Amino acid sequence: MQTIILAGGEGKRVFPLAVNRPKPMFKLLGKPLIHHVIDTLKEAGLKDYVVVTGHRGEQIKDYLKDGSKLGVNIDYTVQKEPLGMADALETTKDLAEDHFFVVNADDIFEASLIKKMTKQFKEGNAEIVLSCKPVQETWKFGIIRVEDENVTDFVEKPPKGKEPSNLAVVGAYILPKQIFDYYKRIPVSDHQYEDSILQFIKDRNIVKAVSYDGFFAGYKYPWDLFTINKHLMNSKLATQTIEEGAEISGRATVEGRVWLGRGAKVFEGACIRGPCYIGENSVVGNNSLVRDYSSLGRGCVVGFSTEIKHSLIGDDCWFHTNYIGDSIIADNCLFGAGTVTANFRFDEQNVRVKIGDKKIDSGTNKLGAIIGDGCKTGINSCLEPGVKIGPQSMVGPNVDLQDDLKPKKIIFVNKNSYVTKENKITVSSESKKQLMKKLKKNEQ
């Protein structure tokens with residue numbers, strides 16, 4: 001069966017990570033998300049795709065091309081404006097087959113989901129096949145009601161207390177070509193796609209839903225990448241993998257499920273504790289530590305005495321004597337010595353992140369910085385939990401960044417905040433001698 005992959009959104013909610021690239025082109029384990037999606041679809045037996053591109057869509061075309069290198073067939077359409085899923089699907093009308101799958105290019109799931117839906121479609125008489133799983137926070141999802149194995153209602157993000165059930169729709173659909181006629185009948189809105197399926201149900205067409213208890217996660221907010229990355233590492237890093245040309249010093253430590261890319265180097269005193277992914281030609285320098293589901297792109301340098309913990313790093317990023325914790329950093333970033341990403345609030349509450357005009361609960365009390373492409377920090381700068389830095393921006397030396405920084409901005413500490421006085425403190429060599437005597441006594 002044909003699959004339509006939706007990859008045209010602008011990704012405003014994941015700012016600054018999708019300013020210079022489409023959302024589905026963010027890399028984990030060395031591959032863009034859309035590549036991981038295609039791998040899963042191919043595993044389920046689907047090989048013919050139409051990819052709907054939009055914002056920066058040429059990057060997707062340049063990467064996937066006609067799909068032959070991936071063993072699949074790919075055609076493309078373009079969504080000129082980000083007007084929702086229904087509008088994106090409308091661009092495929094002339095290419096769509098009688099029935100087709102629809103998935104998002106940055107939703108990650110297991111092949112068993114596609115196989116189960118395919119089986120339901122082939123063995124049943126449904127025109128539309130959905131998939132669902134029980135959830136607690138029903139107001140965040142599209143919710144369906146199922147009666148006698150048929151879907152009888154579909155409400156997008158229902159208010160609390162007014163949900164038809166606790167069954168949330170998982171983002172994979174089998175749709176008929178006649179769905180295009182329904183889009184014309186439904187006003188354009190954020191939920192035009194879901195409303196069209198609801199009208200299809202109301203017209204007494206047969207819609208079925210299969211239950212799914214496997215992994216599913218969508219990339220809606222930046223921190224969703226941590227959930228996706230953990231799943232990918234747990235499913236794809238079964239053992240330690242050291243690619244050809246990688247070098248590990250005899251005085252370095254590489255423990256657990258670690259993927260070390262071609263040409264990567266691990267220097268003396270360095271430690272990598274998996275699960276971790278180190279991209280090709282990256283360097284983990286002396287006395288550095290990389291741990292806890294960290295993923296580094298290609299050409300990175302983890303300089304002397306740097307710790308990278310549970311963080312996602314793009315290509316060509318350089319660090320030196322830094323602490324990078326629970327952070328997401330895009331390509332071509334450079335951190336000055338002593339820069340720290342703070343990742344834990346004093347009050348130990350969940351980190352809230354500004355999305356548009358609102359502060360959103362990230363759902364975790366451990367979240368560092370979210371940084372766009374081409375950024376730079378000066379020595380001893382501090383990035384507070386959950387701050388976002390737009391592409392091509394700089395944080396100057398000694399700055400404690402507490403608010404988001406827009407693209408192409410630079411922030412410095414004002415020199416007027418410094419105070420110069422006469423020095424009345426004497427550095428005594430005698431006091432050093434006394435301290436040294438105490439140290440020697442303690443050694444004994």
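In the predicted model, a nonpolar patch on the surface is formed by M394, I410 and F412, which together present about 310 Å² of accessible area. Of these residues, M394 is located in strand β39, which covers residues 394-395. M394 counts as partly exposed because its relative accessibility is 36%, between the limits of 20% and 50%. The segment leading to strand β41 (410-411) includes Q402, which is placed in the loop between β40 (400-401) and β41. With a relative accessibility of 55%, Q402 counts as exposed. The C-alpha atom of Q402 is separated by 8.9 Å from that of G386, a residue 16 positions away along the chain.

The protein chain as a whole contains 8 helices and 41 strands. Its C-alpha atoms fill a box of roughly 95 × 50 × 40 Å along the principal axes. Of its 444 residues, 48% count as buried.

Charged patches are also found on the surface. A positive patch comprises R352, K354, K359, K406 and K409. Within this group, K359 belongs to strand β34, which spans residues 358-361. A negative patch is made up of D48, D75, E97 and D98. Its member D98 lies in the loop that connects α3 (85-90) to β6 (99-104). The relative accessible area of D98 is 61%, so this residue is classed as exposed, the threshold being over 50%.

Opposite charges are paired in 19 salt bridges, as found by a search of the whole structure. One of the salt bridges joins E10 and K12, whose closest N and O atoms are 3.7 Å apart. The two partners fall into separate accessibility classes: E10 is partly exposed, with a relative accessible area of 36%, whereas K12 is exposed at 65%.

A salt bridge is likewise formed between D203 and R185, with a separation of 3.3 Å between the closest N and O atoms. D203 is situated in the loop between α6 (192-202) and β13 (207-211), and R185 in the loop between α5 (179-183) and α6; the pair therefore ties together parts of the chain that are 18 residues apart in sequence. Both residues are partly exposed, D203 having a relative accessibility of 32% and R185 one of 48%.

In a further salt bridge, R262 is paired with E244, and their closest N and O atoms lie 3.6 Å apart. This pair links distant parts of the chain, 18 residues apart: R262 occupies the loop between β18 (258-260) and β19 (265-266), while E244 occupies the loop between β15 (241-242) and β16 (247-248). R262 is partly exposed, with a relative accessible area of 44%, but E244, at 63%, is exposed. Salt bridges also form a network, in which R21, D331 and D373 are linked.

Among the helices, α1 (residues 33-43) is mostly covered, as 8 of its 11 residues are buried. The buried residues are L33, I34, H35, H36, V37, I38, T40 and L41. An α-helix has 3.6 residues a turn, so residues three or four places apart point the same way. Burial in α1 includes the consecutive residues from L33 to I38, together with T40 and L41. Just after this helix, G45 adopts a positive phi of about 100°.

A positive phi is also present in a hairpin of the chain. Strand β9 (residues 142-147) pairs with strand β10 (residues 150-156) in the antiparallel sense, and the pairing extends over 6 bridges. E147 has N150 of β10 as its bridge partner. The hairpin has 2 residues between its strands, and D148 takes a positive phi near 50°.

Key
Residues numbered from 1 in each chain as written. Predicted model: local features only at pLDDT ≥ 70, side-chain atom pairs only at ≥ 80, totals over all residues. Heavy atoms only, no water. Patch = residues over 30% accessible without salt bridge, like charges linked within 9 Å, V, L, I, M, F, W, Y side chains within 5 Å. Areas by Shrake-Rupley, 256 points an atom, 1.4 Å probe, with all protein chains shown as cover. Salt bridge = Lys/Arg side-chain N within 4 Å of Asp/Glu carboxyl O. Lys, Arg positive; Asp, Glu negative; His and termini not counted. Charge placed at Lys NZ, Arg CZ, Asp CG, Glu CD. Helix = DSSP H or I, 4+ residues; strand = E, 2+ residues; numbered from the N terminus. Pairing = 2+ DSSP bridges. Buried < 20%, exposed > 50% of the residue type's maximum accessible area, 1.4 Å probe, protein only.
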